[in-house]
Amino acid sequence: MSPVASRKQLRKSKKAAKVASPVEEVVEPVVEQVEEEEDDIEEVLENDEDEEDEEEFSDDEEDVVVKEQRPLYNDEAALTRLANDLKLKDLPWIETMVVTSSEPTVVADVEDEMARELSFYQQALEAANIARDLVNQAGDAFTRPDDYFAEMLKSDEHMAKVRQRLLDETARLKASADAKRQRNLKKFGKKVQVEKQLERQKQKTDMLDKIKLLKRKRKDGAGGDLTLDNDFDIALENTTDKKRAKTDSSQKGSKKDAPQKGAKRAHKDTKYGMGGKKRHAKSNTAESSGALGGFNKMKGKPIYKAKGKTVGKAKR
Amino acid sequence: MATVFKAAEKAIAKSDGSSKTKDKRANKQRVMLLSSRGVNFRHRHLLTDLEGFLPHSKKDAKLDTKNNLYVLNELAELNNCNNAIFFEVRKRQDLYLWMSKTPNGPSVKFHVQNLHTMDELKMTGNCLKGSRHVLSFDKTFDSAPHWSLLKELLAQVFNVPKGSRRSKPFIDHVLSFSIVDNRIWFRNYQIVEKNQLNTPGCTTLDKGDISLIEIGPRFCLTTIRIFEGSFGGPTVFENPEFVHPNFIRASVRKEKLKKYQDRQKSIETRKVRVKEAEGQESELSDKRVFE
C-alpha cells in the first residue's frame, strides 16, 4: 500500500465520519492546502502516541454512523526539537524576564473562582518578588517613583470612573447599614416610648389616689387633728398602700366603712364575675339525672295569697 | 581625510558601542497584530489592549481571508516582524488566536474563552503604557514537550525587548500564564509596593512589600493544534480535549430536541402496543354479541 493511497483512504473515512460527527475539521483544509509533502504522511504514520478519538457524543447513537479512530498527533521528538531551536541562547535574564514558578499551580476545582484566582495571584506574586531581586542585581530600576508621569495603559477618565464606582459601592453599603440601624433603633425606641408612657400613667394614677386619700383625711380628721404641713406630708408617705390607708382610717374612728359590696353587685358577680356564666349550668349532673320525679313545679314560687276583695270558697 | 575619519569612527564604535548593538541584535522581536473580518467589539478591545502593553507590536489592517493564512507570512515580512498574532473570528462569536514565529517557525492555534477586557470597571489596576513586564510561567510548562514549546513561544512573543523603541523604563506589571484544566490562563497584574502614601499603617518592616492589583485583560486559551510551519505545515500536536464550540451549541440544541423526540417516540410505541393488544376477539366482545 503506497502512502498516497492510504492517505486517500484516510480522507474517505474522514468524509464519512464528517457526515455523522462534526469534529474539529476546520483546521484540516488549511493544513492540506498549504503543504502536501511526504513528511506529512510520515508524521501521521509514525506517531509516538496512538490514541483513539474519544466518542464525545455517544449518547445519541442514531446520529453516529462511523466511530472515529484517527490517531492523534503528538510528535514529542519534533516538539522538543522545535523548542530547542526556538530558544534564545546566551541572553542575560534581564532580556527575557521569564520567571518560572517554584511549584506547579494546582487548582482543585476549576469552577471555584476564589481559589483559582488566588493561586494565580500567588504565582504572580512570587514571580514579582523574584523579579525584583533579579532586576536590582542587573542594575536596572524596578520601582516606579511617584512623581514619574507618563502615558498610562488606562486613561485618567477611566480611572476616575473606576474610583467613582468604588466610592458608590462603599456609600451604598454605608447607606444600607445606616438604614438598618435606624430601623432597629426605631423599634427599640417605640418599645421604650410605650414603657415610659405606661410608667407616667401609673405615676399619675398613684398621685391621684394619694390626693383623694388626702382629701378624705382632711375631711374626716379636720376637727380633731391639727396636722401641719410637714406632718401631712409624712402622714401621706406612710399611707401609700390603700389597705394601710383603710386600717388607719378605721383606727381614727371614721364613720364610713370601707365600701361594701351591695346585694346587686354580689348577685351580678355570681352571674358574670370571675369569667362570666359557668358552662353546663343547665346540664345534668349525676344527682340531677338520678333524681327521678320529685319535680315540684311550685318549688320556689310563693303560694298565691289573695289580697283584698276576693272571698274564699267557704264564703261563696 | 573623510575616509580616515570614518575608519577611526568605526573603530571607536566597534570597541565600546558593541555592547549596545549586541543587545539589540540579540533579542530583536516584533509582533504583528491582526484580525480577520467580522470581529466583535470585545475582540477589538482585546486587540487594542494587547497593542497597549506590547510596545514592540505593530497593528495592521484586517485580513479579508480566513483560509489562505499563508499570506500572513508575507505581511509579517513587509512589516519587519518576526512574530504574528492573528485573531480569527468565526460566526462573530468564536475567537481563535493564532500565534506564530513568522518566517518558518512553529505556530499554534488557540481557542479563546472567558474573555474580559481591560475596560471592565472591576479591574482597578493601571500601569505605564509600554513598560517592560515580568513573565511568570507555571512550573507545569516544563512537564510536557508541547507545554515547553508553548512556553518558549509565549515568552518570545510577549516579552518586550530591552531596547524597544516605545518601551518605558520601570517594571510595572507582571503577566502570568498558568495551566489549569489543560488550558492556559492569562492574567495581568500591577505591581504595587507598600509605602507611606498608599497604606496608612505602613512601618519600615513591611515597606516595599509587593501587592498585586489586576489590570486586565484576562482570558483563557485552549490549545487546538500546534503546527511545525508558520500558519500551516504538519501538525505536531493536537489537543484531544478540545471540543469545537459549534458542537457544544449543537449538543445543547439536541438536548432540547430530544425531549420532543422522546415524546413522539413514546406516542408511536403506545399506538403499536394498543393495536397489538386489541387483536384477540373474545366471545363476549361487543361485535359477537350484537351480531
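Select strand S6 of chain B, residues 131–137. Seven of its seven residues are buried, so S6(B) is largely enclosed by the rest of the structure. This is a predicted model.

Keep S6(B) selected and add strand S7 of chain B, residues 168–180. The two strands run parallel and are joined by six bridges. For a point of reference, pick B:Leu135: B:Leu175 in S7(B) stands opposite.

Now bring in chain A. Select its strand S1, residues 98–100. S1 of chain A pairs with S6(B) over three bridges, in the parallel sense. Label A:Val99 and look across to B:Ser136 in S6(B), which stands opposite. S6(B) thus has pairings with S7 of chain B and with S1 of chain A.

Next stop: strand S3 of chain B. Select residues 83–90 and find B:Phe86 among them. Is B:Phe86 buried or exposed? Its relative accessibility is 1%, and buried means under 20%, so B:Phe86 counts as buried. Add B:Met99, 13 residues apart from B:Phe86 along the chain. Draw a distance between the two C-alpha atoms: the separation is 6.5 Å.

Last, go to the surface of chain A. Select A:Asp109, A:Glu111, A:Asp112 and A:Glu113. Together they form a negative surface patch. Stay on A:Glu113 and show helix H6 of chain A, residues 113–138, in which A:Glu113 lies. A:Glu113 has 52% relative accessibility; exposed means over 50%, so this residue counts as exposed.

Technical notes. Residues numbered from 1 in each chain as written. Chains lettered and ligands numbered in written order. Predicted model: local features only at pLDDT ≥ 70, side-chain atom pairs only at ≥ 80, totals over all residues. Heavy atoms only, no water. Patch = residues over 30% accessible without salt bridge, like charges linked within 9 Å, V, L, I, M, F, W, Y side chains within 5 Å. Areas by Shrake-Rupley, 256 points an atom, 1.4 Å probe, with all protein chains shown as cover. Salt bridge = Lys/Arg side-chain N within 4 Å of Asp/Glu carboxyl O. Lys, Arg positive; Asp, Glu negative; His and termini not counted. Charge placed at Lys NZ, Arg CZ, Asp CG, Glu CD. Helix = DSSP H or I, 4+ residues; strand = E, 2+ residues; numbered from the N terminus. Buried < 20%, exposed > 50% of the residue type's maximum accessible area, 1.4 Å probe, protein only. Pairing = 2+ DSSP bridges.
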